[in-house]
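Subject: Structure for you to look at

Hello,

Here is the structure I said I would pass on. My notes on it follow below.

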Amino acid sequence: MDTPILDFLKGYQLEGMARLHMPGHKGRGPLGVEGLDLTEIKGADSLYEADGIIAQSEENAARLFGSRRTFYSTEGSSQCIRAMLALALENRPAGTAPIVLAARNVHKAFLYAAALLDLEVAWLWPEGGSRSVCSCPITAAGLEKALTDMETLPMAVYITSPDYLGGTADIAALAAVAHRHGCLLLVDSAHGAYLHFLEKPCHPMDLGADLCCDSAHKTLPVLTGGAYLHISKTAPEGIEEGGKEALALFGSTSPSYLTLASLDACNAWLAGEGPTHIREAVQGVERLKKTLAAQGWKLWGEEPMKLTIRTSDSGWTGTELADLLRVGGVECEYADPDHVVLMVSGNTTGEELGRVAGALGTAKPRAAEPRPVPALPREEKALSIRVALLGRKEAVAVESALGRVLAAPSVSCPPAVPILVCGERVTPEAVDAFRYYGMERLQVVKE
């Protein structure tokens with residue numbers, strides 16, 4: 001597969017032009033990559049008005065993913081989440097209201113978009129007793145009941161899958177329910193860009209989602225910030241026409257050409273040896289999971305290229321186990337009191353997976369001591385997300401926030417999943433949860 005963006009950047013570097021244009025490094029600098037870092041000069045196309053090399057590269061990506069259209073983002077899935085909601089609002093199905101029915105484990109970018117677009121949000125709460133802020137299992141039956149019970153149908157259902165811990169939703173079943181009620185299905189699949197390239201493709205685009213975002217940089221060989229906004233072939237006709245405008249609404253007018261070039265190069269990788277590397281990595285993770293389970297470690301989640309250890313079931317805290325892994329030459333993606341998350345990609349080597357087995361093999365699971373995990377605080381809505389987030393606010397200690405209205409989401413990053421949503425009142429349960437996850441100060445609405 002051709003790589004029009006990368007080819008243009010390399011060609012321009014070889015021409016030796018006097019760069020009397022941005023950026024200020026003029027193609028020279030200590031990083032060694034400045035020669036490929038350009039702006040929208042003649043021939044380089046323009047991300048939000050693409051009709052040249054960027055448009056060609058995005059068409060390549062759409063063919064690879066089997067979407068009607070795929071658009072690039074150089075500002076991660078955060079930009080794509082905002083654009084998805086803007087597109088859903090612009091193309092709101094007849095008979096629905098500007099409301100989004102969303103699983104509670106949204107990324108904070110969702111809240112920012114809801115505030116900027118003045119959307120109302122109704123929440124789907126986790127089924128099956130999950131207490132992690134990162135996980136929100138939703139079944140088709142649960143979604144059916146939620147939609148049936150709503151007085152006004154939402155314009156869209158919004159799901160995060162895979163979630164940060166590696167949980168996956170039954171997208172096909174959820175899509176069938178959403179579509180039966182005349183709603184769009186939007187999926188934050190930031191961690192799932194590789195899913196289309198498994199032996200049995202299971203990307204949200206394969207399973208019935210209308211709009212979907214992927215952070216290519218999380219699981220594919222792409223520079224940080226590279227992401228996709230996908231429009232499904234089964235999405236309402238014409239919705240793709242506003243894709244660029246929706247992204248431009250929230251994006252910088254100075255996108256990174258290095259990131260665009262890495263998305264472009266990734267197309268060639270996915271069209272060539274990439275799927276083989278991805279499938280080999282999945283097999284390696286499967287073997288590692290079996291090894292760790294045999295050692296007594298409790299694992300979590302179904303995502304094939306993510307390894308999540310439920311440390312609280314093994315007598316450890318996540319941070320303790322992360323320190324142990326670090327001594328063994330392994331840096332994890334995320335650790336909290338209950339979990340350690342390890343993210344694998346097609347570029348992960350067998351030797352690196354072996355380090356995980358070696359490090360964890362030196363520390364056996366302990367007898368699990370009861371450690372109460374605080375219940376997820378139920379919503380006690382006082383203000384809209386927009387009013388709370390965009391109004392006057394002040395920072396206070398968590399203990400002093402009791403009874404106040406949260407103004408801005410306080411999250412750990414990663415995973416950037418809010419414990420409480422803007423506009424909700426801080427309850428005793430919320431205070432316990434904030435303390436549990438190490439939050440010491442909160443932004444609350446100024447009285």
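I will begin with one of the enclosed spaces. In the second largest cavity, the lining residues divide into 7 nonpolar, 1 polar and no charged. Please keep in mind throughout that this is a predicted model.

Cavities

The structure has 3 cavities of 30 Å³ or more. The second largest of them holds about 40 Å³ of space. Its lining is made up of Val133, Tyr334, Val411, Ser412, Val417, Ile419, Tyr437 and Met439.

The largest cavity has a volume of about 70 Å³. It is lined by 13 residues, and those nearest its centre are Arg104, Val133, Leu376, Pro418 and Ile419. Sorted by class, that lining has 9 nonpolar, 3 polar and 1 charged residues. Val133 and Ile419 appear in the lining of the largest cavity and also in that of the second largest.

Pockets

Turning to the open spaces, the largest pocket has a volume of about 390 Å³. It is lined by 28 residues, with His107, Ala190, His191, Lys218 and Pro415 closest to its centre. Two elements, α3 (76-90) and α8 (216-219), give two or more residues each to this lining. The largest share, 4 residues, comes from α3. By class, the lining of the largest pocket has 12 nonpolar, 11 polar and 5 charged residues.

The second largest pocket has a volume of about 310 Å³. Of its 17 lining residues, Val330, Glu331, Leu342, Met343 and Thr348 are the closest to the centre. Here the elements that give two or more residues are α11 (274-295), β11 (339-343) and α13. The most, 4 residues, is given by α13. The lining of the second largest pocket divides into 11 nonpolar, 2 polar and 4 charged residues.

Helices α12 and α13

Helix α13, which contributes to the second largest pocket, also packs against another helix worth describing. Two packed helices are described by the angle between their axes and the distance between the axes. The axes of α12 (residues 318-327) and α13 (residues 350-361) come within 9 Å and cross at roughly 120 degrees. Because of that angle, α12 counts as oblique to α13; the range counted as roughly perpendicular is 65 to 115 degrees. The crossing of α12 past α13 is right-handed.

A small sheet

The last item is a sheet. Strands of a sheet pair through backbone hydrogen bonds, either parallel or antiparallel. In this case the sheet is open, has 3 strands in the order β12-β14-β13, and its pairing is antiparallel. The edge strands, each pairing on one side only, are β12 (393-397) and β13 (406-408). From one strand to the next, the twist averages 55 degrees.

How many bridges join β13 and β14? The antiparallel pairing of β13 with β14 (residues 441-445) runs over 2 bridges. As a place to start when you look at this part of the model, Ala408 stands opposite Gln443 in β14.

Regards

Conventions. Residues numbered from 1 in each chain as written. Predicted model: local features only at pLDDT ≥ 70, side-chain atom pairs only at ≥ 80, totals over all residues. Heavy atoms only, no water. Pairing = 2+ DSSP bridges. Axes fitted to C-alpha atoms, helices over the stretch in contact; angles between N-to-C directions. 1 Å grid on protein atoms, 1.4 Å probe; cavity = no way out; pocket = protein on both sides within 12 Å on 5 of 7 lines; lining within 4 Å. Points joined across faces, edges and corners; volume = space filled by probe spheres on them. Nonpolar A, V, L, I, M, F, W, Y, C, P; charged D, E, K, R; others polar. Parallel < 35°, antiparallel > 145°, perpendicular 65-115°, else oblique. Left-handed = near helix turned anticlockwise from the far one by under 90°.
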